[in-house]
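Let's take a walk through this one together, from how the copies are arranged down to individual side chains. Have the viewer open as you read.

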Number of protein chains: 4
Amino acid sequence: MTNAQVTLIQIDNYGPWTVTPEPRREVDLQTLQSRLYADLSQLVGNREGYVFFTRFDNMIAVTNGMDETDHAMIQESVGNRYPVTVSFGVGADPRPVEALSTATEHIQDAGSAQEADRTEILRGTCLDPDERTDDDVQIAHFDVNDATGKYTDEMNAFDSFIHIEQGYAELMRYFRRAHGGLAFFVGGDNVIAVSPDLDAAAYEDTIQHVQEAVEVELKVGVGQAATPQSAGMAAKHALEDCREDGDRVVID
Amino acid sequence: MTNAQVTLIQIDNYGPWTVTPEPRREVDLQTLQSRLYADLSQLVGNREGYVFFTRFDNMIAVTNGMDETDHAMIQESVGNRYPVTVSFGVGADPRPVEALSTATEHIQDAGSAQEADRTEILRGTCLDPDERTDDDVQIAHFDVNDATGKYTDEMNAFDSFIHIEQGYAELMRYFRRAHGGLAFFVGGDNVIAVSPDLDAAAYEDTIQHVQEAVEVELKVGVGQAATPQSAGMAAKHALEDCREDGDRVVID
Amino acid sequence: MTNAQVTLIQIDNYGPWTVTPEPRREVDLQTLQSRLYADLSQLVGNREGYVFFTRFDNMIAVTNGMDETDHAMIQESVGNRYPVTVSFGVGADPRPVEALSTATEHIQDAGSAQEADRTEILRGTCLDPDERTDDDVQIAHFDVNDATGKYTDEMNAFDSFIHIEQGYAELMRYFRRAHGGLAFFVGGDNVIAVSPDLDAAAYEDTIQHVQEAVEVELKVGVGQAATPQSAGMAAKHALEDCREDGDRVVID
Amino acid sequence: MTNAQVTLIQIDNYGPWTVTPEPRREVDLQTLQSRLYADLSQLVGNREGYVFFTRFDNMIAVTNGMDETDHAMIQESVGNRYPVTVSFGVGADPRPVEALSTATEHIQDAGSAQEADRTEILRGTCLDPDERTDDDVQIAHFDVNDATGKYTDEMNAFDSFIHIEQGYAELMRYFRRAHGGLAFFVGGDNVIAVSPDLDAAAYEDTIQHVQEAVEVELKVGVGQAATPQSAGMAAKHALEDCREDGDRVVID
């Protein structure tokens, strides 16, 4: 049984900040956002978790293995180094989408994302060490079959991106609705998903659906472990097995 | 008349590198990609240009005002600081999508994105100073009406993202097909587009289409100038005017 | 009794790399060095350790609480994100200078700092969990009395720096020779030292010596704990007590 | 004739900020300082200038070729991305030390480095384009003869550092007093100096003095150009010539 611990990371009052006292230069906003994401990746990654950039002002992390103190330390570190602060909501559930809903409610209950005095919220409950098991986190790593040969080396870079984006968008929507998992584009032709306890048939179904809906062919490697890091690395190795053997789904 | 200079930035042989000798830790890849993007944002932004992260392994930049020497210097700086190198293709055209096609062909002609010995390509022709005019670059800055009130503060963070992503995806596809512009998600509920010489009717049409297709309501500010930076800042101010006056389209 | 675990971090073959095939741009080298240091600070700091920049190509870390796996992970993370690699030597001893000597010998035994094929060395023995105690690390945080009033706001910025540097240099040399501690400039008018098990008299002696030798007046806060982070934070609070009470030495 | 334009960069009210409301974690301060320096290196370096880290809270830059607008843009970019702001004072003079004195006075006149409401000062006069000449900036790049063989591979890393530091400290003091130049440690065994219009004899004298005073043997390459970048690169090539030919001083 999975039991994903999901943390919603929200930059406090970010929209208003970007246009106060007048619009800030886009290059600086882009730099700020991507470096904040890189730092959070390292801060969470050094504690065996994964962060997905999502919208950049709202990021979603899988944080099994991290407790309240870890979250507080990361929040403090961001506040020490950036002109903005971040709020955290935490939830845990066998279905990642439910965990995220809980995490989101914790932040929403504390006030609006655009409320100047709602800052550095840290709410929700992290899993107790004795609640944790060795298969709490299932990670699936998808990529597009021969994306370089079919798209990158053939189409203009925007049309390649449209194709990959269509595959990713359909995957993201279908996987959430049909199977309760959270799928995130992570660059290139790669999507990483946090899944409930799914079997190969669920992944076959998902890949089949995306192919029929938008004609993008995917394959997927799946891993399961106590932490996102271990599950994710197992998923990567499973995806390498797909590549070598021509399989569409390999579960580690 | 617009005349966008577009640069395709491609990380050389990145896919194979990420799994050699075995899959590298995802946290490090995410950090590498987002910091490389941040650095390119600064390097190009300090020369009045804009970079969009797109797929991260392929990024698209608008570089009016930058010559071959600037491109070469940026390429060298990346090579001096990262374990990977980048190739650049450059094109210019009244229609951004044509400029990008030319830029892409320059890189594709030099070899595959996954060819180990095709590195640090720099091909294509930058605009001569005397070819440049004060209205070469049209930038449009879109955002979602009341995204915080309708989505961020109401839905779980993944479903908010799905809504915003659907709006962005439809905008990206339609705007490219119907009007020849290149639209990019830049975080939050924001999309920035590099446009050909469009008038208010084209933007009204685009917003109308997105609303009908996926029920996401957008507004847009538009600026035009000799460089992406100036056009983009004018677009931001125009978008602020939309906010204040309740307009859907403001052209600076 | 203290028992500092010290790690020497050496960039592999860095000198030759900076001039191959010809001298690289200084701005890129400076950026590379300072960001590598920042990343190591975070990677080690997230594991309760401290890194000092020293010469930047050779950095010295206090790593009580980190084991071989932690070191290997950090080494891998640097290799994944930089064009250079790093070697680590580890030693532990009641006297920090002896710990560092051991750490250095481990690296030197593996080959020269400028040998192209001596890369990613990881040698030495980390403290076993059951060898560790609550007072293994003594950290002293020095600063200059009224540096802003006497120097920064009065002299030109270079002459201020000469004064502070003289104080720091004398402190560094004397404290190593007379007391076996390792003192490092950390910016501003601050020096942080890793000390053996010293009492207030040793610090009084050190401050007295620096004042007589180069007329720079120091004060110091001292903390002791199981990890550099905790000892260092205690030292900072002790230094605040000095400021409030006008003391020259406060041991937490 | 040289005519160095020197900019003093001072973090506003930094000391108090680091301990408010209580001492901030050292790892975050170290990360903040070194990344701010890296960013300033890039921002100034992309405009052909050099920044030296000096004390990190006070940095010294050579900025020939940069005007007030460039300075203001960099100041704004720092403010957009950091929790601290910076002030700039600018001066120009045939003797770098005089230029720095002017730059420092501009900042000091505006208030103390620890005054909470003295922020983002930008004072002083940048060189007019028609005042600038092709030999305004003389840069000297020193290093220690066989530092790796004599120190790094032989002594413990702290004692190596003491030797190099002694050489650097003596060079810094003597070169300022005897010749009016500003010398800065830049990592490894390297020192880069901004010089007035000096000839080979002045450099011979400096190297001789350091050898007699502290027994550290230096060599130096010198370049002169309109910008720090070009002068510095010429100095690096001259230093390579020293290495190949066994010379102590090579002026490009």
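What follows goes from symmetry to an interface, then to salt bridges, and ends inside a sheet.

Keep in mind that this is a predicted model. Start with chains A and C. Two copies of a chain are related by a rotation about an axis and a shift along it. Here, a turn of 180° with a shift of 0.0 Å along the axis lays chain C on chain A, and the RMSD comes out at 0.0 Å. The two copies are thus related as by a two-fold rotation axis. Both copies use the same surface, too: 100% of the contact residues of chain C turn up again in chain A. If you want to find the axis on screen, look for Asn46(C), whose C-alpha sits 3.7 Å away and comes closest to the axis among the residues of chain C.

Now for the interface of that pair. On the chain C side, 8 residues are in contact with 8 residues of chain A. Putting the two together buries about 580 Å², with carbon and sulfur atoms giving 28% of that. What about charged pairs, and how many salt bridges are there between chain C and chain A? The count is 0. Polar contacts do show up, with 3 residue pairs found across the interface of chain C and chain A. As for which elements are involved, helix 2 (26–45) and helix 3 (68–81) of chain C each supply at least two residues of the side that touches chain A.

Salt bridges do occur elsewhere, and over all chains the structure holds 64 of them. Take Arg35(A) and Asp39(B), whose side chains meet at 3.4 Å, N to O. This pair crosses between chains, running from helix 2 (residues 26–45) of chain A to helix 2 (residues 26–45) of chain B. Is this pair buried or exposed? Arg35(A) and Asp39(B) are both buried.

A second salt bridge between chains links Lys236(A) and Glu26(B), with the closest N and O atoms 2.7 Å apart. Lys236(A) belongs to helix 8 (residues 228–245) of chain A and Glu26(B) to helix 2 of chain B, so this pair joins two chains. With a cut-off of under 20% for buried, Lys236(A) qualifies at 7% relative accessibility, and Glu26(B) does so at 6%. Beyond single pairs, salt bridges that share partners tie residues into one network, including Arg25(A), Asp28(A), Arg35(A), Asp39(B) and Arg81(B), along with Arg25(C) and Asp39(D).

For a salt bridge inside a helix, go to Glu170(A) and Arg173(A), where the closest N and O atoms are 3.5 Å apart. Both residues lie in helix 6 (residues 157–179) of chain A, 3 residues apart, which is about one turn of the helix. Glu170(A) is buried as well, at a relative accessible area of 15%.

Finally, hop over to chain D and pick out strand 6 (residues 137–144). Of its 8 residues, 8 are buried, so the strand is largely enclosed by the rest of the structure. Both faces are covered: Val137(D) and Ile139(D) are among the buried residues on one side, and Gln138(D) and Phe142(D) are among those on the other. Strand 6 runs antiparallel to strand 9 (residues 218–225) of chain D, joined by 8 bridges, and Val137(D) has Ala225(D) as its bridge partner there. Strand 8 (residues 190–195) of chain D also runs antiparallel to strand 6, through 6 bridges; in that pairing, Ile139(D) stands opposite Val194(D).

Conventions: Residues are numbered from 1 along each chain as its sequence is written. Chains are lettered from A and ligands numbered from 1 in the order in which they are written. This is a predicted model: local features need pLDDT of at least 70, side-chain atom pairs count only at pLDDT 80 or more; totals for chains, interfaces and linings use all residues. Side-chain values use heavy atoms; hydrogens and water are left out. Copies are superposed by least squares on the C-alpha atoms of residues with pLDDT of at least 70 in both. Contact means heavy atoms within 4.5 Å. Buried means under 20% relative accessible area, exposed over 50%, partly exposed in between (1.4 Å probe, protein chains only). Helices (H or I, at least four residues) and strands (E, at least two) are DSSP runs, numbered from the N terminus. Two strands pair if DSSP finds at least two bridges between them. Buried area is the accessible area (1.4 Å probe) that two parts lose on being put together, summed over both. A salt bridge is a side-chain nitrogen of Lys or Arg within 4 Å of a carboxyl oxygen of Asp or Glu. A polar contact is a pair of N or O atoms within 3.5 Å; within protein, one must be able to donate a hydrogen and the other to accept it, and residues adjacent in sequence count only if both atoms are side-chain atoms.
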